[in-house]
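Trainee: I would like to understand how helices sit against one another in a protein. Could you take me slowly through one part of this one?

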Amino acid sequence: MGHVDHGKTSLLDAIREARVAEGESGGITQHIGAYKVKIEKGEVVFLDTPGHEAFTAMRARGAKVTDIVILVVSATDGIMPQTIEAIDHAKAAAVPIIVAVNKIDLPGANPQKIRQDLANLGLQAEEWGGKTIFQDVSAKKRLNLDKLLESLLLQAEILELKANPDRPAYGTVIEAKMDPKRGAVSTVLVQAGTLKVGDAFVAGLAHGKIKALIDDTGARVEKAGPSTPVEILGIMGTPQAGDAFTVVDNEKAARDIAEKRRLIHREQSMAHQKHMTLVGLKGALSSGAAKARDLNILLKADVQGSLQALRDSLEGMATSECRVRVIHGGIGNLNESDVLLAAASDAVTLLFHTEVESRASELAEREGVEVRKYEVIYDLIEDVKAALEGLLAPEIVDVIVGKGEVKALFKIKTGVIAGSAIRDGKATRGGHIRVVRDGKAVHTGKITTLRHFKDDVKEIEKGQECGIGIEGFDAVQVGDLLEFFVKESRTRRLSQSPR
Ligand code: GDP
């Protein structure tokens, strides 16, 4: 992980090439998103998903595949926003970090300064009496790559990372795709046990029997032990990255389990799984849910000063039953990576003088992550305080974000499309809509389809025309007024009178 351009891809490539150059196997013939590197002291498996988003997306699905994170920091550029994000993502997952200080071949390189700056972020170098291993490297000049690999093995020893090869295999799906020639293909990281051709398995909602195993060099193998990434053939259905993979007794058992899971999945997707909310905190605490002992908060603010002030105040707050942890604090708008982190950590997101990026807003809604916006520091602090005391009541209000008028109707197979002009603000696909006729609301629902000429669009703005499909409503008429709105939860503290 690390900031863009600090050399993640180059470092992976350098390590991979070094291995091929040594002629250990027939070269990398295909890309399976993970590969094994052999050195004298042992083997290291790299998951080729540079970027903390992929890492956290997996974690949001409940998977823990990473034992150690390598944080790549350029010795010339120093700590950047995504460096801090990466640290927070790894910390939230409780995965230890090794720092690779890259680009030490460059004249302006200052590896000591990187150690200094990271110490201020809680990563104290070993040579300075801390616990974090730092390794100076150059991906370009291939400097110290072996030392980096050795540090990884050393760390693995310290952490006592061990697995039993003599048991039915289990692991995690890292990639899944449909191959036109071979059908459903998945890459699985075996985490314990030994996976063999002929094994029956369940992977998420899919199941099957292993027809073939292919290793990271493209060679067919008969079995794969712990920490081995392999491609598997013989899956019925398509699992998703992050799904658990488990070997079971026989094919019938695999089919039965997958069948049951699909049933439960259907029921759950209707119930829509939700994450922690401020209003729900007290209930979660009294129900004894273990995860509720910490209130995790993801904080975004407009400037460093407010961020620090808020972080200090929040972290000082706690009751006998609940601690407050700010798992990530950043400057700027709430982005998708933030929402993923919040979902994976069951955190509430609090924004101070910042906005939500539109894709992040969709993701938050889909994942059921609570997003609260504040303009006054006092309000934010008071809400958290009230939540800890269970004195917070929800108040959902509709906030109008756009207006339009129906100009024409188009009949299509599945219903009626309202050809409309946007008069004000904007309309968003999936957003809420109210149809108003003669001053009265005749329908309230959601926008299912949104088209600008022939294109499906996510959003359309003032001054443009579009076709709107309204969920479960075909009785729309020319001249109807449309209101587009979002639901915002405003806080009402019980200690104060309702606003
Ligand atoms: P990523 O965005 O973190 O994956 O970074 P890349 O691997 O794409 O590298 C970004 C740029 O830094 C590229 O132009 C690389 O050639 C360069 N780069 C990467 N590692 C080194 C290094 O060790 N030394 C020097 N001088 N340049 C490097």
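Mentor: Happily; we will follow one chain of packed helices and then look at the sheets.

Please keep in mind that this is a predicted model. To find your way, use the division into domains: domain 1 covers 8-159, domain 2 covers 170-271, domain 3 covers 281-391 and domain 4 covers 395-490. The centres of domain 2 and domain 3, taken over C-alpha atoms, are separated by 36 Å.

Before we start, here is a handy habit. Two packed helices are described by the angle between their axes and the distance between those axes. Let us use both values as we go.

Start with helix α2, residues 52-60, and helix α9, residues 336-345: their axes come within 8 Å and cross at roughly 30 degrees. Angles under 35 degrees count as roughly parallel, so α2 is roughly parallel to α9. The handedness of this crossing is left-handed. Now zoom in on the side chains and backbone that touch. From α2 come H52, E53, T56, A57, R59 and A60, and they meet S337, L340, L341, A344 and S345 of α9. Sorted by class, this contact of α2 with α9 holds five nonpolar, four polar and two charged residues.

Next, stay on α2 and turn to another partner, helix α3, which spans residues 81-92. Here α2 and α3 pack at about 20 degrees, with their axes 10 Å apart. The two helices are therefore roughly parallel to each other. Their crossing is left-handed. On the α2 side, H52, F55, T56 and R59 take part, and on the α3 side they meet Q82, E85, A86, H89, A90 and A92. By class, the contact of α2 with α3 has four nonpolar, four polar and two charged residues. Pause on H52, T56 and R59 in your viewer: these α2 residues take part in the contact with α9 and also in the contact with α3.

Now move to α9 and its other partner, helix α10, residues 358-367. The axes of α9 and α10 lie 8 Å apart and the packing angle is about 20 degrees. This pair, therefore, is roughly parallel too. The crossing of α9 and α10 is right-handed, whereas α2 crosses α9 in the left-handed sense. In α9, the residues E336, V339, L340 and A343 meet R359, A360, L363, A364 and E367 of α10. Six nonpolar and three charged residues make up the contact of α9 with α10, and there are no polar ones. L340 is a good one to highlight: this α9 residue belongs to the contact with α2 and to the contact with α10.

With the helices in place, let us turn to the strands. Three strands, in the order β3-β4-β5, form an open sheet with parallel pairing. Its edge strands are β3 (69-74) and β5 (134-136), each pairing on one side only. Neighbouring strands of this sheet are turned by 25 degrees against each other on average, direction ignored. β3 runs parallel to strand β4, residues 97-102, and six bridges join the two. One place to look is L71, which stands opposite V99 in β4. Helix α5, residues 145-158, lies across β3, β4 and β5 and runs at about 170 degrees to β4.

The other sheet on our route is an open one of four strands, ordered β16-β15-β17-β18 and paired in parallel. At its edges are β16 (323-331) and β18 (371-374), and each of them pairs on one side only. From one strand to the next, the twist averages 25 degrees. Strand β17, residues 348-352, pairs with β18 in the parallel sense over four bridges. Within that pairing, find L351, which stands opposite K373 in β18.

Notes
Residues are numbered from 1 along each chain as its sequence is written. This is a predicted model: local features need pLDDT of at least 70, side-chain atom pairs count only at pLDDT 80 or more; totals for chains, interfaces and linings use all residues. Side-chain values use heavy atoms; hydrogens and water are left out. Axes are lines fitted to C-alpha atoms, for helices over the stretch in contact, and angles run from 0 to 180 degrees between N-to-C directions. Angles under 35 degrees count as roughly parallel, over 145 as roughly antiparallel, 65 to 115 as roughly perpendicular and the rest as oblique. A crossing is left-handed if the near helix is turned anticlockwise from the far one by less than a right angle, and right-handed if clockwise. Contact means heavy atoms within 4.5 Å. Ala, Val, Leu, Ile, Met, Phe, Trp, Tyr, Cys and Pro count as nonpolar, Asp, Glu, Lys and Arg as charged, and the others, Gly among them, as polar. Two strands pair if DSSP finds at least two bridges between them. Domain bounds come from an automatic or database domain assignment.
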